[in-house]
Amino acid sequence: IKTTMTSTMMRLLLLLLLACTIRAFQTTTYVLQRAPHYALSKRDWRLKDATSTTTILSTDEPVAFVDLMVMDVVLFQRRNTNSPTSIELGSVQENGNIAPLSTWTLESAYTSAINDMMEFVVDEEDLFPGMTSEEINVLSVLDGDVVGYGSRQVGGGKGPGNPHGEESEIIYYVDRAVVEGVYSTGVDDEVLKIDVVVNSNLEHIW
């Protein structure tokens, strides 16, 4: 059991390391291939806060799914929605689809001199099959300086769903300035805000 758990954790850590390495290597090319609103960085949030303006997102030219990478954190909007001013956080899964991110608390996971990070996971009920380009528009891919990654054992490493603690899930850290930011499509002064899904059942209490 210990060997299986160690092997699983090692594979997850290697996946995280590989994703971060690829992201760092490709950042310049990745951003240059997109329109300016596609990759939003910490500098954008600082500028927004300093000028009290909104961040402009384009709904006419959504990010193509083929340009996305596994573990990318994105801002998206559902195509058929009763809340046209609502956008959501999501992450790209291994099948290429996007799953919405949820949290169990609005408190900070950790802070630094430049970041105030909140933590999110993918609710297992939202994981499969995820959402396709026919269901949502991806408005932006968040840059690496406002996103971080970690991991935790599924179910806290206990319970019938993960009795030996060998199953892990990714934690996505997103800067509070992004989560609480104010956005606009640039049309008719329409204001968009991120709809944060809070589910207390996602918290590990052991």
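This briefing describes the overall build, the confidence and selected side-chain features of one protein model.

The model is predicted. It contains four helices and 14 strands, and buried residues account for 44% of the 206 residues in the protein. The average pLDDT is 79, and 68% of the residues score at least 70. Two aromatic pairs and four salt bridges are found in the structure.

**Overall build and surface**

- Among contacts between residues at least 6 apart in sequence, 69% join residues that are at least 24 apart.
- The protein exposes about 11400 Å², and carbon and sulfur atoms supply 53% of that area.

**Confidence along the chain**

- Over residues 24–38, pLDDT stays under 50, and the model has 26 contacts beyond four places in sequence for this stretch.
- Residues 42–52 also have pLDDT under 50 throughout, with 23 contacts beyond four places in sequence.

**Aromatic pairs**

- The count of aromatic pairs is two. The ring centres of Tyr 110 and Tyr 173 lie 5.3 Å apart with the planes at 70 degrees, and because an angle over 60 degrees counts as edge-to-face, this pair is edge-to-face.
- This pair links distant parts of the chain: Tyr 110 belongs to strand E7 (residues 110–111) and Tyr 173 to strand E11 (residues 168–175), with their positions 63 residues apart in sequence.
- Tyr 110 is partly exposed, with a relative accessible area of 38%, whereas Tyr 173 is buried, with a relative accessible area of 15%.
- The rings of Tyr 149 and Tyr 172 also form an edge-to-face pair, as their centres are 5.8 Å apart and their planes stand at 70 degrees.
- Tyr 149 in strand E10 (residues 147–153) and Tyr 172 in strand E11 are 23 residues apart, and their pair links distant parts of the chain.
- Tyr 149 counts as partly exposed at 29% relative accessibility, while Tyr 172 is buried, with a relative accessible area of 2%.

**Arg 152 and its partners**

- The charged end of Arg 152 sits over the ring of Trp 104, at 4.6 Å from the ring centre.
- Arg 152 also meets the side chain of Glu 169 in a salt bridge, with an N to O distance of 2.6 Å.
- Glu 169 lies in strand E11 and Arg 152 in strand E10, so this salt bridge ties together parts that are 17 residues apart in sequence.
- Both Glu 169 and Arg 152 are buried.

**Other salt bridges**

- Arg 78 and Glu 88 form a salt bridge in which the closest N and O atoms are 2.6 Å apart.
- That pair links distant parts of the chain, with Arg 78 in strand E3 and Glu 88 in strand E4 (residues 86–92), 10 residues apart.
- Arg 78 is partly exposed, with a relative accessible area of 34%, but Glu 88 counts as buried at 11% relative accessibility.
- A salt bridge of 3.0 Å, N to O, joins the side chains of Arg 176 and Asp 116.
- Arg 176 is in helix H4 (residues 176–179) and Asp 116 is in strand E8 (residues 116–120); the two are 60 residues apart, and the pair links distant parts of the chain.
- Arg 176 is buried, with a relative accessible area of 15%, whereas Asp 116 counts as partly exposed at 23% relative accessibility.
- Asp 116 and Arg 176 belong, together with Glu 180, to a network of salt bridges.

**Backbone features**

- Most residues other than glycine have a negative phi, and most peptide bonds are trans.
- The peptide bond from Phe 128 to Pro 129 is cis, with omega near 0 degrees.
- Pro 129 is placed in the loop between helix H3 (124–127) and strand E9 (136–142).
- Met 71 is a residue other than glycine with a positive phi, near 80 degrees.
- The loop between strand E2 (55–56) and strand E3 (73–78) holds Met 71.
- Met 71 counts as buried because its relative accessibility is 3%, and the limit for a buried residue is under 20%.

How values were computed. Residues are numbered from 1 along each chain as its sequence is written. Side-chain values use heavy atoms; hydrogens and water are left out. Rings of Phe, Tyr and Trp (its six-membered ring) pair if their centres lie within 6.5 Å; planes under 30 degrees apart count as stacked, over 60 as edge-to-face and the rest as tilted. Buried means under 20% relative accessible area, exposed over 50%, partly exposed in between (1.4 Å probe, protein chains only). A charge sits over a ring if NZ of Lys or CZ of Arg is within 6 Å of the ring centre and within 35 degrees of the ring normal. Contact means heavy atoms within 4.5 Å. Accessible areas come from the Shrake-Rupley method with a 1.4 Å probe; for residues, only the protein chains shown count as cover. pLDDT is the predictor's confidence in each residue, from 0 to 100.
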